[in-house]
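Got your viewer open? Let's take a short walk through this structure, one selection at a time.

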Amino acid sequence: MTILVMGKGGVGKSSTVNSLIGEQVMRISSFQSEGLRPTMVSRSWSGFTLNIIDTPGLVEGGYINHQAIGLIKGFLLNKTIDVLLYVDRLDAYRVDGLDKQIIGAITDVFGKKIWCKSLLVLTHAQLCPPDGLSYDDFSSKRSNAVLNAISIGARIGKNDFEHYAIPVVLVENSGRCNKNGKDEKILPNGDVWILNLVKAITSVATNRSQPILVDKKLIDGPDSNDRGKMWIPLILGAQWLVVKWIQGSIKNDIERGNDPFGSHKNKLTASIKNGVSNGNEPSSKIKRISRK
């Protein structure tokens, strides 16, 4: 199974990878920037292999980091994504346009169907909610705000994924996370979050939606020539209808005894006769005009 971890920088992607693996496989420092390239960590147990791909942050200087997206696309070529962990922070109090741009960039690379295989992870979940809200109320409001941003940024319609709700898991990777009597990390509401995360990953990986194969066609996107070819039958059909309509109109005029070109021929004949009667030869007149 392959899990892809994506999101902004500083939201806890690498820390979440370490928590899932159960050891310090990703180097983390508060004073160093994230790595510039994706990193894959693999572990095998009893014939089952788990691959987790950590990726660089998708924002640089307040804008989408297209260089990072290009590196991620190249790294994922010919790999299959079973689960996408989209990571953000629970303690961020608003969703802005940049969040929707990030989601849109992910959608542009992998298509809308990537969100059928996705899981929203909200980190830094060991907090005291503001404004007197309960922990569950605050986490619900924050979760719904990010899920709404995913719907807008990914341009997901109401009927696109009726049977695929994106699960949400709250995570606290730091050492200050409270523990229960079994030495398991728990959230302020008492949930054992690592157990919730593993269950949610399993649920997404085994849902009815197909894993995402990242092949060259997906990376490059649809060919502009292919998009143009789809219009050729429609154009040819429209041209055929116009020609048939013109032919039918001419045929009807002839059957009614109306020559569609008769009025023009009569005017031309009358003009020539008038020129001759006035002593002007048509040929010389045409020659004089051509010399000008």
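How many cavities of 30 Å³ or more does the count come to? The count comes to one. Keep in mind as you click around that this is a predicted model.

**Stop 1: the cavity**

Rolling a probe the size of a water molecule over the atoms shows where empty space is left. Here, the largest cavity has a volume of about 50 Å³. To see its walls, select M6, L58, I69, I72, K73, A105, I106, V109 and F110, which line the largest cavity. Now colour that lining by class: you'll get eight nonpolar residues, no polar ones and one charged one.

Which helices each supply at least two residues of this lining? Select α2 (66–76) and α3 (97–110), and you have them. The largest share of the lining, four residues, comes from α3.

**Stop 2: from the cavity wall to K216**

Stay with K73, one of the lining residues, and add K216 to your selection. Their C-alpha atoms are separated by 9.5 Å, although the two residues are 143 residues apart along the chain. K216 lies in helix α6 (residues 216–220). Is K216 buried or exposed? At 55% relative accessibility, K216 counts as exposed, because the cut-off for exposed is over 50%.

**Stop 3: helix α4**

Next, select residues 135–153, which make up helix α4. Try your distance tool on the end C-alpha atoms: they are 27 Å apart. That agrees with what you'd expect, because 19 residues at 1.5 Å a residue should span 27 Å.

Now highlight the buried residues of α4: Y135, F138, S139, R142, S143, V146, A149, I150 and G153. Turn the view so you look down the axis of α4; its buried residues fall within an arc of 130 degrees, so they line one face of the helix. The general idea is handy here: an α-helix has 3.6 residues a turn, so residues three or four places apart point the same way.

What covers the buried residues of α4? Show β7 (83–89), α3, β8 (118–123) and β9 (168–170), which are among the elements covering them. Just past the helix, click on R155, which follows α4 and has a positive phi, near 55 degrees.

**Stop 4: T16**

Finally, jump to T16, found in helix α1 (residues 13–21). T16 has a relative accessible area of 1%, so it is buried; the cut-off for buried is under 20%. Which residues is T16 in contact with, leaving aside its neighbours within four places in sequence? Select T123, V171, N173 and L197 to see those contacts.

Technical notes: Residues are numbered from 1 along each chain as its sequence is written. This is a predicted model: local features need pLDDT of at least 70, side-chain atom pairs count only at pLDDT 80 or more; totals for chains, interfaces and linings use all residues. Side-chain values use heavy atoms; hydrogens and water are left out. On a 1 Å grid over the protein atoms alone, a cavity is a set of points where a 1.4 Å probe fits but cannot get out, and a pocket is an open set with protein on both sides within 12 Å along at least five of seven lines; lining residues have an atom within 4 Å of a point. Grid points are joined across faces, edges and corners, and a volume is the space filled by probe spheres set on the points. Ala, Val, Leu, Ile, Met, Phe, Trp, Tyr, Cys and Pro count as nonpolar, Asp, Glu, Lys and Arg as charged, and the others, Gly among them, as polar. The expected span of a helix is 1.5 Å times one less than its number of residues. Buried means under 20% relative accessible area, exposed over 50%, partly exposed in between (1.4 Å probe, protein chains only). The arc is that of the directions from the helix axis to the C-beta atoms. Contact means heavy atoms within 4.5 Å.
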